[in-house]
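Trainee: I would like to go through this model by question and answer. Can we start with the aromatic rings?

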Amino acid sequence: HYTFHQLQGIAADQDLHREGMGIGLQTDRSKTPYDFEVDVAAMRGYQLFALACTRSDVRQMCTTKLLEVSIRSSQLGGEEARAGLVCCSPEPLLIKQQVEDAWGVKDRVRVFGCDDLLSLADRLTKWIESTP
């Protein structure tokens, strides 16, 4: 809820639309067994910004969440989609680097850690503005 509220606060300034929380895709399981959900998302033009959120500070949990949102954002929004993780980790750059190295998604993921939480709206703004 906190991440969604922060995103809503910057939506107009960043030309975001269709922001939402708990956005998912449910398919006919007889054809495709893929049901999934993105915690928070918004569109800027045609570009999807998808965020996973967790209160965890455990690196493995955070890495798993970032991997999942990276894959899901690409499935929903194509190659131009961007994925982020909001977590309580004190080492967000390490988590980001692990996922970039493992999946080749350089410059397509961002991790917001415990130091970013009090200024999350500003950090989200910088992320969105730096995205081509």
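Trainee: Which residues form one aromatic cluster?

Mentor: This is a predicted model, so side-chain atom pairs count only at pLDDT 80 or more. By the pairing rule there are two aromatic pairs. One cluster results, made of Phe 49, Phe 112 and Trp 127.

Trainee: How are the rings of Phe 49 and Trp 127 arranged?

Mentor: A pair of aromatic rings is described by the distance of the centres and the angle of the planes. For Phe 49 and Trp 127 the centres are 5.2 Å apart. Planes over 60 degrees apart count as edge-to-face. Here the planes stand at 85°, so the pair is edge-to-face.

Trainee: How many residues apart are Phe 49 and Trp 127?

Mentor: Phe 49 sits in strand E3, residues 47-53. Trp 127 belongs to helix H4, residues 120-129. The pair links distant parts of the chain, with a separation of 78 residues.

Trainee: What is the geometry of the Phe 112 and Trp 127 pair?

Mentor: The ring centres of Phe 112 and Trp 127 lie 5.7 Å apart. Phe 112 is in strand E5 (residues 109-112) and Trp 127 in helix H4, so the pair ties together parts 15 residues apart in sequence. The planes of the two rings meet at 75°, so the pair is edge-to-face.

Trainee: Are Phe 112 and Trp 127 buried or exposed?

Mentor: The cut-off for buried is under 20% relative accessible area. Phe 112 meets it, and Trp 127 does too. Both are buried.

Trainee: Now the helices. At what angle do H2 and H3 pack?

Mentor: H3 covers residues 92-103, and its axis runs 10 Å from that of H2. The crossing of the two helices is right-handed. The angle makes H2 oblique to H3. Its value is about 50°.

Trainee: How many residues of the contact of H2 with H3 are nonpolar?

Mentor: From H2 the contact draws on residues including Leu 66, Leu 67 and Ile 71. H3 supplies Leu 94, Ile 95 and Val 99, among others. Two residues of the contact are polar and two charged; the nonpolar ones number eight.

Trainee: Is Lys 65 buried, partly exposed or exposed?

Mentor: Lys 65 is in helix H2, residues 59-77. Buried needs under 20%, and exposed needs over 50%. Lys 65 has 25% relative accessibility, so it counts as partly exposed.

Trainee: Which residues does Lys 65 contact, leaving aside neighbours within four places in sequence?

Mentor: Take Thr 54: it is eleven residues from Lys 65 in sequence, and the C-alpha atoms are 8.0 Å apart. Thr 54 is one of the contacts. The full list is Ala 52, Cys 53, Thr 54 and Leu 85.

How values were computed: Residues numbered from 1 in each chain as written. Predicted model: local features only at pLDDT ≥ 70, side-chain atom pairs only at ≥ 80, totals over all residues. Heavy atoms only, no water. Helix = DSSP H or I, 4+ residues; strand = E, 2+ residues; numbered from the N terminus. Buried < 20%, exposed > 50% of the residue type's maximum accessible area, 1.4 Å probe, protein only. Contact = heavy atoms within 4.5 Å. Phe/Tyr/Trp six-rings, centres within 6.5 Å; stacked < 30°, edge-to-face > 60°. Axes fitted to C-alpha atoms, helices over the stretch in contact; angles between N-to-C directions. Parallel < 35°, antiparallel > 145°, perpendicular 65-115°, else oblique. Left-handed = near helix turned anticlockwise from the far one by under 90°. Nonpolar A, V, L, I, M, F, W, Y, C, P; charged D, E, K, R; others polar.
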